[in-house]
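Here are some notes for a colleague who is about to work through this model, set out as numbered points. Please read them with the coordinates open.

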Amino acid sequence: MMNRKTGLKIWAVAFWLAVWEILSMVLDREIFLVGPVRVVMRLAELLPSGGFWASVGFSLLRITCGYLLAVILGVALAAAALKHERIRELLAPLLTVMRSVPVASFIILALICLPSKSLSVLISFLIAMPVIYGNAYAGLESADPKLLEMTKVFGARPGNVRRAVYIPALYPYLASACRTAIGMAWKAGTAAEVIGIPRGSIGEKLQQAKIYLETPDLFAWTLVIILLSAATEKVFRLILDQGFGRLARIPEPAGTAARGGRVERAVFAIKAENLSKTYGGSKVIDSFTHVFPAGSVTAIMAPSGAGKTTLLRLIAGLEEPDPAEDGEPGASGRKAGGEPGAGRQLQGSVSGTDKCRISMVFQEDRLCEELDAVSNVMLARNDMGRAEAEALLAELGLGGDPDKKLSEYSGGMKRRVAIARALAADYGLLLLDEPFKGLDGELKALCAEKILESAAGKTVILVTHDSAEAELMNCGEVISLC
């Protein structure tokens with residue numbers, strides 16, 4: 001039997017307990033070393049007393065409050081620092097001091113202006129906060145930029161972006177930080193009590209045991225601290241797990257019943273003019289010009305690596321064309337998500353996309369693995385209810401357990417969820433980047449039928465290297481990048 005998180009094996013723990021007991025018997029001086037059996041016996045003697053539980057409650061309340069404050073403030077400051085670089089720069093010196101200054105120095109300085117009974121709250125906070133902040137910042141910073149780009153394309157509301165992208169990225173880092181910080185908080189908090197000696201605390205009991213050479217009491221109270229640290233870690237981890245489980249799901253939006261489905265968006269022709277894009281000195285797209293007719297399906301065909309995805313990203317506003325050369329007329333481009341460029345002159349332009357909403361099936365699935373399939377689809381439209389999302393998934397052959405995590409789906413199933421998400425959006429322009437990748441012939445036909453049904457009268461641009469897929473989508477025009 002083994003604890004997977006710490007790697008502790010029961011036999012190894014039993015071995016060292018036996019060594020401890022044997023050493024205490026050989027030394028035979030309780031004032032210097034007390035065996036584990038005697039420690040447990042002394043703890044059993046302490047348990048019935050009211051003073052024991054009052055001391056436990058005193059220290060537990062204060063150290064836990066300091067730790068909770070560190071978790072709340074650490075995560076909040078990490079989120080603010082990620083969003084605003086100035087906040088991160090402002091916090092850096094303070095956090096360096098908090099990590100570097102010895103605990104004893106903090107305790108002595110705090111005793112000057114704080115009552116001893118509040119000391120453990122402050123010290124446990126000061127020790128735990130840098131750990132929580134550092135891990136929380138690293139977790140939030142690790143959020144997948146491709147998923148963030150996806151949520152920007154679909155215009156997901158900030159709360160849903162946090163649930164779908166940031167919280168799953170934060171969770172493993174925060175869980176690790178909480179395991180480390182809770183032990184540090186207990187060590188520092190009890191050290192503060194030993195020095196400050198607040199009446200009725202565990203620290204006072206440890207100090208008394210030292211003064212009166214009551215070694216069994218010293219070991220028994222130390223065991224209490226270890227058990228409290230382990231118990232609070234388990235409780236906080238359970239709370240964290242339960243909270244993550246509740247947050248990792250897009251909630252039902254208010255007023256869903258009155259919504260009545262998607263809004264019909266205006267449809268416009270999309271004009272790409274003189275688009276060029278260079279990566280690493282190699283020109284991927286060279287002076288591409290084309291008008292994609294409103295309300296029709298156009299296929300862009302070329303072998304892999306010919307720039308199909310890059311062209312689609314230029315049309316979507318996820319990439320900017322090359323800068324215009326000196327003396328060459330250019331056009332102000334659009335940033336990812338359709339925001340206007342800052343007056344920057346670019347070589348080429350895309351018009352029409354500023355007038356209509358865009359939906360997209362990306363080359364990669366870009367799904368949020370910790371959410372269920374229904375929540376992934378709901379990201380595409382802020383007012384979409386679970387029932388509507390479930391019905392859309394069922395039309396693509398994905399009925400069944402609506403609460404099943406996406407990480408349990410096969411590759412083909414995930415691809416269909418990505419298609420369902422794109423069809424769920426309110427759009428006038430639908431961009432499809434190899435939408436049938438990983439699907440067999442029967443599923444391709446099913447998905448193509450649903451896409452054409454949903455996108456009837458909308459402008460659709462399909463990127464593919466397979467002429468059969470272009471035929472399946474009834475493309476009115478096929479253009480080649482070769």
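1. A residue is called buried here when its relative accessible area is under 20%, exposed when that area is over 50%, and partly exposed in between. The model is a predicted one, and every value in these notes is computed from it. Valine 194, which is found in helix H8, has a relative accessible area of 26% and is therefore partly exposed. The C-alpha atom of valine 194 is separated by 9.4 Å from that of glutamine 208, a residue 14 positions away along the chain.

2. Helix H6 covers residues 119-141, and its 23 residues reach 33 Å from the first C-alpha to the last, which is close to the 33 Å expected at 1.5 Å a residue. A kink of about 35° nevertheless lies at alanine 128 in H6, shortly before proline 130, and a reader who looks at the end-to-end span should also look at this bend. As for its surroundings, H6 is mostly covered, with 17 of its 23 residues buried.

3. Glutamate 141 has its place in helix H6, and at 51% relative accessibility it counts as exposed, because the cut-off for that class is over 50%. Glutamate 141 and tyrosine 166 are 25 residues apart in sequence, while their C-alpha atoms are 8.6 Å apart in space. Proline 145, for its part, lies in helix H7, which runs over residues 145-154, and with 58% relative accessibility proline 145 is classed as exposed. From C-alpha to C-alpha, proline 145 and valine 165 are 9.2 Å apart, with their positions 20 residues apart in sequence.

4. Which helices each supply at least two residues of the lining of the largest cavity? They are helix H8 (158-196) and helix H10 (215-247). The structure holds one cavity of 30 Å³ or more, and the largest cavity has a volume of about 50 Å³. Its lining is made up of Tyr67, Ala175, Cys178, Arg179, Ile182, Glu233, Phe236, Arg237 and Leu240. By class, the residues of this lining divide into six nonpolar and three charged, with no polar residue.

5. Two residues other than glycine deserve a look at their backbone angles, and the first to consider is serine 287, with a positive phi near 50°. Serine 287 lies in strand E2, which spans residues 282-292, and at 36% relative accessibility it counts as partly exposed. Asparagine 474 likewise has a positive phi, near 50°, but its place is in the loop between helix H16 (467-472) and strand E10 (477-480). With a relative accessible area of 57%, asparagine 474 is exposed.

6. How many disulfides are counted in the model? The count comes to zero, where a disulfide would need a pair of cysteine sulfur atoms within 2.5 Å. Two cysteines can be set side by side on accessibility: cysteine 113 is exposed, with a relative accessible area of 63%, whereas cysteine 368 is buried, with a relative accessible area of 2%.

Conventions:
Residues are numbered from 1 along each chain as its sequence is written. This is a predicted model: local features need pLDDT of at least 70, side-chain atom pairs count only at pLDDT 80 or more; totals for chains, interfaces and linings use all residues. Side-chain values use heavy atoms; hydrogens and water are left out. Buried means under 20% relative accessible area, exposed over 50%, partly exposed in between (1.4 Å probe, protein chains only). Helices (H or I, at least four residues) and strands (E, at least two) are DSSP runs, numbered from the N terminus. The expected span of a helix is 1.5 Å times one less than its number of residues. The bend at a residue is the angle between axes fitted to the seven residues ending there and the seven starting there. On a 1 Å grid over the protein atoms alone, a cavity is a set of points where a 1.4 Å probe fits but cannot get out, and a pocket is an open set with protein on both sides within 12 Å along at least five of seven lines; lining residues have an atom within 4 Å of a point. Grid points are joined across faces, edges and corners, and a volume is the space filled by probe spheres set on the points. Ala, Val, Leu, Ile, Met, Phe, Trp, Tyr, Cys and Pro count as nonpolar, Asp, Glu, Lys and Arg as charged, and the others, Gly among them, as polar.
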